[in-house]
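This note is addressed to a colleague who has not met the structure before. The points below may be followed with the model in view.

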Amino acid sequence: MRYIWPIPMLILALVVTLTESPAAESAFGYREVFPGATRAGPLTGLPPAAPVYRDDALLGFAFQSRSVAASVGYSGKPLNVLVGLDIKGRITRAKIVEHHEPILAVGVSDADLEAFVRQYDGRDIRAPIRGSARGPRDRDAIDAVSGASISSIVLNDAIMRSARAVARSRGILGDAGRRLDFDSFDPAGWNELVAEKSILRRRVSIATAAAKLAPANARLFPEGTGPSDPNAPFIDIYIGLATPARVGRNLIRDRVYNEVTARLSEGDQLIFVAANGAYSFRGRAFRQLGYFDRIQIVQGAQSFRLATEDYVRIDRLIAGDAPEFRERALFILRKATGFTPLEPW
């Protein structure tokens, strides 16, 4: 461990680094996250992880978050956590290997961050992790580091996202997750995501919407109001599955993405919706109803309402070539609904 004190003094940061070479990664401190283990195999697979054994019994896998999820800290510099994951999908232990968080200036110590990650010992990665102020909390909550809440968020993301990626790739969470890449990330613009159909568009004109309502003798707008151009958009809507990091992280800021994904249980999905036009997909009644009455997800014979408590408003998109939208939102669709991203919807 070594300490680097950058200038100016107001942005002091603690830097912890590993001295192991890549050739030694097959045994990169696996006993620190698997007490009682007797041996570890080499790093293999995508994402890379080392199988860990007690004699001939497979205990689970050890891996570094940086090599699995390309995790970075609040400082924008590398963040690395050594994680142990057992074959039942529980974190055995997590240990910070490297960080560059600007914590000392606010009175937070390295020991505080280590105490934070120790809260993950024994956690089932299928469950969501909720942040909590220190004090009484439920069993799914994690006490954030006082004075370093953003660092707490990025540490949570590094641990949980990398653990779920390894679990999916090794079949610990079943085979379905292996058929959809949730974890790989590379930069992509809005037009690229639309072109590859990660985001789909549907435009409904005023004339088309009016024709749909004509048999019921209904109007789109009160008489004398609304757009005069029949070709103007009643709604111009874009929608897509934002759970994959390639989609979600290219649409919204990492901080927001990390906060939202921390609320997900394994199998929950994120739905992205953005729209322009005369019609609002949100409406105004959702706060009183507890769900959105103007939009539903339909899959086969099932329809899924979107709950108000699982709504995340997006202030802006980070994709530079994205259009301006009147409305932007993420919705969490829980696994318990029966929705599966592997089927058309």
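A residue is called buried when its relative accessible area is under 20%, exposed when that area is over 50%, and partly exposed in between. The model discussed here is predicted.

1. Helix α4. This helix comprises residues 149–169. By the cut-off just given, 19 of the 21 residues of α4 are buried, and the helix is thus mostly covered. Its length may also be examined: at 1.5 Å a residue, a helix of 21 residues should span 30 Å, and the end C-alpha atoms of α4 are 30 Å apart, which agrees. After the helix comes Gly171, which has a positive phi, near 75°.

2. Strand β4. How many residues of β4 are buried? The strand covers residues 80–86, and 7 of its 7 residues are buried. In a regular strand, side chains alternate between the two faces of the sheet. In β4, Asn80, Leu82, Gly84 and Asp86 point one way, while Val81, Val83 and Leu85 point the other way. Both sets are buried.

3. The neighbours of β4. Strand β3, residues 57–64, runs antiparallel to β4 and is joined to it by 5 bridges. Within this pairing, Phe63 stands opposite Val83 of β4. Strand β5, residues 91–98, is likewise antiparallel to β4, with 6 bridges between them. Here Gly84 has Arg93 of β5 as its bridge partner. The hairpin formed by β4 and β5 has 4 residues between the strands, and Gly89 in this hairpin adopts a positive phi near 85°.

4. Thr208. Is Thr208 buried, partly exposed or exposed? Its relative accessible area is 41%, so Thr208 counts as partly exposed, because that category lies between the limits of 20% and 50%. The residue belongs to helix α6, which runs over residues 206–213. Phe234 is 26 residues from Thr208 along the chain, and the C-alpha atoms of the two are separated by 8.4 Å.

5. The chain as a whole. The secondary structure consists of 9 helices and 14 strands. Of the 345 residues, 46% count as buried. Among contacts with a separation of 6 or more, 62% are made by residues 24 or more positions apart. The accessible surface of the chain is about 17400 Å², and carbon and sulfur atoms contribute 52% of that surface.

Definitions and conventions. Residues numbered from 1 in each chain as written. Predicted model: local features only at pLDDT ≥ 70, side-chain atom pairs only at ≥ 80, totals over all residues. Heavy atoms only, no water. Helix = DSSP H or I, 4+ residues; strand = E, 2+ residues; numbered from the N terminus. Buried < 20%, exposed > 50% of the residue type's maximum accessible area, 1.4 Å probe, protein only. Contact = heavy atoms within 4.5 Å. Areas by Shrake-Rupley, 256 points an atom, 1.4 Å probe, with all protein chains shown as cover. Expected span 1.5 Å × (residues − 1). Pairing = 2+ DSSP bridges.
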